Amino acid sequence: MQTSAPKQFVAVLDFGAQYGQLIARRVRDHHVYSEVVPCDVSASELAAMAPAAIILSGGPASVYAPDAPDMDAAILDMGIPVLGLCYGEQIMATKLGGSVAHTDKGEYGPATLTRLGSSVLLDGTPQEGQTVWMSHRDSVGEAPAGFMVTARTETCPVACMECPSKRLFATQFHPEVRHTAYGAKVLDNFLFEVCHLDPSWTMDNIVEEKVYAIREQVGDKKVILALSGGVDSAVTAALVHRAVGDQLTCVFVNHGMLRKGEPESVERVFTKEFNIPLVHVHAEERYAKLLAGVTEPEEKRHIIGTQFWNEFFAEAQKLDGVEFLAQGTIYPDIIESGARKTGGKASTIKSHHNLIPFPEGVHFDLIEPLDHFFKDEVRALGTVLGLPAEMVYRQPFPGPGLAIRIIGEVTPEKLDLLKNADAIVREELDAYNARLFEETGERNSEHSCWQYFAVLPDIRSVGVMGDERTYGHPIIVRAVESSDAMTADWAKLPYEVLANISRRIVDEVPGINRVAYDITSKPPATIEWE
Ligand code: XMP
């Protein structure tokens, strides 16, 4: 069993890149651990982190702008291999005595690369005609002394430069972007031909490392975990359980607004398949009372989030001697909330969209084994840990649950209508995604739906069923293609799939007499309705 955190890691110095996180992800795709570090880290701070390699990210600024992000030039002199990308190339050039020029024409999008002589970084890629992705206005005019220029494009004279003796390399193009045809090969060359790293950051090794670290941290103490039904808390539970077995108790607060079948599935997987001690808190009625008469979405969110922790901590107090709280905080939670800077961890709990402080008088030591993982890595870990695919590949689902998909007041009757209609939408689109998976072999192929659900608006409309007029509820179907929820497009579902969903909902859910499909992208709309 391994005994420590990943031994080799690649530090990505972030100069405000659109693609900063993406660089770290791509490095990890090569089975080498990578983390994003602020660009103003000093050489001595970085030395203490002991990266095996450094990548300087891109960024939107001009290196000559007065407030342009800067770096400690001594980092280029540490003897650690460095790869500068875009802005990273430009700052490397300026720090080492080269020049950066405002070009007349920027280069945005695809460009064609011409290689010049031999190159370690571009080894194994075509001499002429390979497509690279550019996004810059300034570019390096003259490479620093000791560097060879190894590629250019029509408008960019130093598209790639290298100083192999000092192990300093740079490209103006973005190898981390899929549109760069040989981007993966360029990263491969840097990581393995230049840095001689070991591609050992695999999911099996990670599980072993994490299990060991959790055991070290917890000893013989008890751990509690709030299970939400979502991927992150489920994977955390499976991992912590593998490390400390029955010292872990999971608390599942059922607020009554999960999707049809979900509470049963959580209970079955964790108690029957994993044998994890689980407390199922039936809080449905307390939530129904708290939400009666509430129509504002933000108020609903607040009530649901606050009550969740009330329920959870009330249960935690009933268990003796619990010292640790495990939670499924993941890397984007930390980066996006800005709550923690690299190195320093504040005590915060993950609450739906935010990291929030512990309530007064409550304290646990935190165990957050996923806090440096991206979502797709969390899914891969879940698979290695043996969680079922429907849990691991579960679509994103908001913490406040169906409450924000019922416009206006949440009542038990409306919850019932929505749960039944939503189950049909999921059943049909799960099957549609499965067909695409079979055809393409990709779980998230270009046209598979990323998130799909039903919404119950606060209106009624007339209809006719048999010989009778009806006055029922409409259901809105929402299905989007997206990869990160930041932007989304409505899914161009085949008519027969839509027709099937509509027919089944009206046939099988009494009280619904009309089905509409939301054909708005994000922006200008959002994915959820509230
Ligand atoms: P929007 O609606 O803002 O949603 O486009 C983006 C992503 O966030 C999810 N979402 C939430 N998740 N609590 C959550 O945990 C919330 O209050 C919430 N609101 C939206 C949404 O499902 C989508 O994946």
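**A walk from the sheet to the salt bridges**

In this predicted model, a good place to begin is an open sheet of 5 strands, paired in parallel and ordered E12-E11-E10-E13-E16. Its edges are strand E12 (278–282) and strand E16 (365–367), each of which pairs on one side only. On average, and with direction ignored, neighbouring strands of this sheet are turned by 30 degrees against each other. As general background, the strands of a sheet pair through backbone hydrogen bonds, either parallel or antiparallel.

Let's look at one pairing in detail. Strand E11 (residues 248–254) runs parallel to E12, and 5 bridges join the two. Within this pairing, Val251 stands opposite Val279 in E12. Helix H6 (residues 231–244) packs on the sheet, where it touches strand E10 (222–227), E11 and strand E13 (322–326). The direction of H6 makes about 160 degrees with that of E10.

Next, move along to helix H7 (residues 262–273), where you will find Glu262. Glu262 has a relative accessible area of 9%, and because this is under the 20% cut-off, the residue counts as buried. What does the side chain of Glu262 make polar contacts with? One partner is the side chain of Arg259, at 2.7 Å, and another is the side chain of Arg394, at 2.9 Å. If you set aside neighbours within four places in sequence, Glu262 is in contact with Arg394 and Phe397.

Now for the salt bridges, of which the structure holds 22. One of them brings together the side chains of Asp376 and Arg25, with an N to O distance of 2.5 Å. Here Asp376 belongs to helix H11 (residues 375–384) and Arg25 to helix H1 (residues 20–29), so this pair links distant parts of the chain, 351 residues apart. Asp376 is partly exposed at 37% relative accessibility, and Arg25 is partly exposed at 27%.

Helix H7 appears again in the salt bridge between Arg268 and Glu390 (3.8 Å, N to O). Arg268 in H7 and Glu390 in helix H12 (residues 389–392) are 122 residues apart. Arg268 is partly exposed, with a relative accessible area of 35%.

A further salt bridge joins Lys414 and Asp458, whose closest N and O atoms are 3.6 Å apart. Lys414 sits in helix H13 (residues 412–440), while Asp458 sits in the loop between strand E17 (451–455) and strand E18 (461–465), so the pair ties together parts that are 44 residues apart in sequence. Lys414 is buried, at 14% relative accessible area. Finally, Glu427, Glu428, Arg504 and Glu508 are joined into one network by salt bridges that share partners.

Key: Residues numbered from 1 in each chain as written. Predicted model: local features only at pLDDT ≥ 70, side-chain atom pairs only at ≥ 80, totals over all residues. Heavy atoms only, no water. Helix = DSSP H or I, 4+ residues; strand = E, 2+ residues; numbered from the N terminus. Buried < 20%, exposed > 50% of the residue type's maximum accessible area, 1.4 Å probe, protein only. Polar contact = N/O pair within 3.5 Å; in protein donor to acceptor, adjacent residues only side chain to side chain. Contact = heavy atoms within 4.5 Å. Pairing = 2+ DSSP bridges. Axes fitted to C-alpha atoms, helices over the stretch in contact; angles between N-to-C directions. Salt bridge = Lys/Arg side-chain N within 4 Å of Asp/Glu carboxyl O.
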